[in-house]
Amino acid sequence: PTYHGRFNGNLERVELALLGEDIIGGAIDLYEAGSLDTIDFASIPVPERDRARQAHAGELISGPTLSTRWVSCFPTGPPLDDVRVRQALVLATDRETLADVVLGGYEFPGMGGFVPPGMPGHSPGIGLPYDPELARQLLSEAGYPGGRGFPSVEAVTWTPVYENIFSYLQAQWLENIGVAITWQLVDVETYKSQCQEPWLAHPHLYLSWWVADYPDPHNFLRVGEAGETRRPWGGVAHARLVDKASQVTDQAERMELYRQADRMLIEGAFIMPISYPLRHQLIKPWVARYPLTAADKFWKDVVIEPH
């Protein structure tokens, strides 16, 4: 009642269901029971997505979203302070199989930069390739031939939704370079506190997902988790590039500076984009209009027919 902007929908109220991890597996049941008008596939565990897609094929819409799922290789000390070790972890990871098989084809493989497809400044194809032989060579040069002598590292994530991803990463690194890494599943508050520690106390590896707050690479390279002041990613040179880009008014020059900063993260293997998620959403037939863009949903323009 207090909204005075323009809108084209007929909603008087939006009820948003916040599904915790204890109920997230039952989200599709709520949708099928008619308790939810729409549900995002992010609320459906990967093993159940194919069944949901087949059972509700006429109610599924898909489209791009400005987001990146990635592993941070934080140079908090040995062994990840050695660029050869970070690069070896990336080179030993088959991201195409990860996206197509492990994630069921619901996401694009992360073979570009941290800035996602569809956003200005995205750099396609700059990711390090899948090359286990080169990975083994670099790891040997770094002093860990065949993974021997590789020290224990701290690897964390915060949601069991990622369990299939870090299980795959574990298997890839053990099989391809002989490195055994155990992921620790922590609650979200612990995860946040660990990842906001001064960089010397930061976990070596963490798995995360960033969704654009606004459609500009600045949101990924500076404002997002990649770029707060605690960042050692890319060092001073990277920080200067991002700072300069934020002050330049020429759009072409801005994008080129952001691309340089993004390439610095990728080539230095400070991060490994593993996939670019797509939006997959089930919408009930009585929702006649549900506008979506890569950046947002527009509930003010939704139209629901009598049902």
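Here are some exercises with worked solutions on a predicted model of a protein.

**Exercise 1. Get your bearings: how many helices and strands are there, and what share of the residues counts as buried?**

Start with the parts list: the protein has 10 helices and 10 strands. Next, look at burial: 49% of its 307 residues count as buried. Then turn to the outside, where the accessible surface comes to about 14,900 Å². Carbon and sulfur atoms own 53% of that surface. Finally, check the contacts with a separation of 6 or more: 72% of them are between residues 24 or more positions apart.

**Exercise 2. Check the span of helix α10 against the distance between its end C-alpha atoms.**

First, count residues: α10 runs over residues 251–267, which makes 17. Now work out the expected span, using 1.5 Å times one less than the number of residues. That gives 24 Å, and the end C-alpha atoms are 24 Å apart, so the two agree.

While you're here, look at both ends. At the start of α10, a side-chain oxygen of aspartate 250 comes to within 3.3 Å of the backbone nitrogen of alanine 252. After the helix comes alanine 269, with a positive phi near 55°.

**Exercise 3. Which residues of α10 are buried?**

Go along the helix and pick them out: Arg254, Met255, Leu257, Tyr258, Ala261, Asp262, Leu265 and Ile266. To make sense of the spacing, recall that an α-helix has 3.6 residues a turn, so residues three or four places apart point the same way. Keep Arg254 in mind, as this buried residue turns up again below.

**Exercise 4. Find the salt-bridge partners of glutamate 107 and aspartate 216, and say what parts each pair ties together.**

A search of the whole structure turns up eight salt bridges. Take glutamate 107 to begin with: its partner is arginine 69, with the closest N and O atoms 2.5 Å apart. Glutamate 107 sits in strand β4 and arginine 69 in strand β3, so the pair ties together parts 38 residues apart in sequence. Both residues are buried.

Now for aspartate 216, which pairs with arginine 254 at 2.9 Å between the closest N and O atoms. Aspartate 216 is in the loop between β7 and α8, while arginine 254 is in helix α10, so this pair links parts that are 38 residues apart in sequence. Aspartate 216 and arginine 254 are both buried.

**Exercise 5. Is aspartate 82 buried or partly exposed? And what about its partner, arginine 84?**

The two side chains meet in a salt bridge, 2.8 Å from N to O. The cut-off you need is that buried means under 20% relative accessible area, and exposed means over 50%. Aspartate 82 has 19%, so it counts as buried. Arginine 84 has 28%, so it is partly exposed.

**Exercise 6. Where does the side chain of asparagine 219 reach?**

Locate the residue first: asparagine 219 is in helix α8, residues 218–223. Its relative accessible area is 0%, so it is buried. Now follow the side chain: it reaches the backbone nitrogen of aspartate 213 at 2.7 Å.

**Exercise 7. Which residues join valine 14 in a nonpolar surface patch?**

Valine 14 lies in the segment before α1, and at 41% relative accessibility it is partly exposed. Its patch mates are Leu16, Leu18 and Trp299, and the four together have about 440 Å² of accessible area. For one last check, try lysine 300: it is 286 residues from valine 14 in sequence, yet 9.3 Å away in space, C-alpha to C-alpha.

Note on methods: Residues are numbered from 1 along each chain as its sequence is written. This is a predicted model: local features need pLDDT of at least 70, side-chain atom pairs count only at pLDDT 80 or more; totals for chains, interfaces and linings use all residues. Side-chain values use heavy atoms; hydrogens and water are left out. Helices (H or I, at least four residues) and strands (E, at least two) are DSSP runs, numbered from the N terminus. Buried means under 20% relative accessible area, exposed over 50%, partly exposed in between (1.4 Å probe, protein chains only). A polar contact is a pair of N or O atoms within 3.5 Å; within protein, one must be able to donate a hydrogen and the other to accept it, and residues adjacent in sequence count only if both atoms are side-chain atoms. Contact means heavy atoms within 4.5 Å. Accessible areas come from the Shrake-Rupley method with a 1.4 Å probe; for residues, only the protein chains shown count as cover. Patches are made of residues with over 30% relative accessible area and no salt bridge: like charges are joined within 9 Å, nonpolar side chains (Val, Leu, Ile, Met, Phe, Trp, Tyr) within 5 Å.
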